[in-house]
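Please open the model in your viewer and keep the selection panel at hand. The tour below proceeds one selection at a time.

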Amino acid sequence: MQAHDGTRTPDAMANVAPLAIWTLAWLATLALANFGPKFLWDYQPVAGWVAVAANLVVGLVWIVAHARYLRGLDDLQRKIMLEAMAIGLGVGVVGGFAYAAASNVHLIAFDASIAIFSALTAVVYLVAIAAGNLRYR
Amino acid sequence: MKNHLRALRSQRNWTQADLAERVNVSRQTINAIEKEKFDPSLPVAFRIAKLFDMKIEEVFVDEQ
């Protein structure tokens, strides 16, 4: 069975659910590592390290799930993903270093946060995937 | 790259989705190849040629 919009093969469709599950699991462990100390275990170091380790382990599995998803894609989808990654990473790095430079010479009042550039990279990546799909529709 | 994919597919009354399933690629990929927006990899080109019982150069036309 193809995806409803015909953009993915059955192999790729089979890898969507594991990727979605591990993405959500990574986000959940990230939230736990960030908010657990304040709301759940009152900044106890052992619990904090366990949460960070869980986040790292789930993150590694998420990376493997993503790689498996990419391997399951057909030629065109892989090309779209590659171009989207190049654009996403490029915007994140260029934007991030420009922002950091502006921050270092006090052109910007507040410090740059790595989370902002991770989010920017992710948003640009998703937009570039959508644009690639439109281009080859 | 020019190709005869649409004509070959039409001769067999296959939809793009039918052909995509037989070649194990997405319908989007078949559409992009037919519109000459995208050149398939060698393994996909071989699978397409084999499906139509033809040589690669009979399906895909080298313009260079």
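Begin by selecting chain B of this predicted model. A compact globule of 64 residues would have a radius of gyration near 11 Å; chain B has 10 Å, and therefore agrees with that expectation. If the view is aligned with the principal axes, the C-alpha atoms of chain B fill a box of roughly 30 × 25 × 20 Å.

Next, colour chain B by secondary structure. Five helices and two strands make up the secondary structure of this chain. Followed along the sequence, the pattern of chain B reads β-α-α-α-α-α-β.

Then colour chain B by burial. Of its 64 residues, 31% count as buried, a residue being buried if 20 or more other C-beta atoms lie within 10 Å of its own. A contact map of chain B may be displayed alongside. Among contacts between residues at least 6 apart in sequence, 50% join residues at least 24 apart.

Now show chain A together with chain B and select the contact between them. To this contact chain B gives 14 residues and chain A gives 11 residues. Which elements of chain B give two or more residues to the side that touches chain A? They are helix 2 (16-23) and helix 3 (27-34) of chain B. Select helix 3 of chain B in particular: the largest share of the side that touches chain A, four residues, comes from this helix.

Finally, colour the side of chain B that touches chain A by residue class. Seven nonpolar residues appear there, together with five polar and two charged residues.

Notes: Residues are numbered from 1 along each chain as its sequence is written. Chains are lettered from A and ligands numbered from 1 in the order in which they are written. This is a predicted model: local features need pLDDT of at least 70, side-chain atom pairs count only at pLDDT 80 or more; totals for chains, interfaces and linings use all residues. Two residues are in contact if their C-beta atoms, placed from the backbone, lie within 7 Å. Ala, Val, Leu, Ile, Met, Phe, Trp, Tyr, Cys and Pro count as nonpolar, Asp, Glu, Lys and Arg as charged, and the others, Gly among them, as polar. The radius of gyration is taken over C-alpha atoms; the globule rule is 2.2 Å times the number of residues to the power 0.38. A residue is buried if 20 or more other C-beta atoms lie within 10 Å of its own, exposed if 12 or fewer, and partly exposed in between; C-beta atoms are placed from the backbone.
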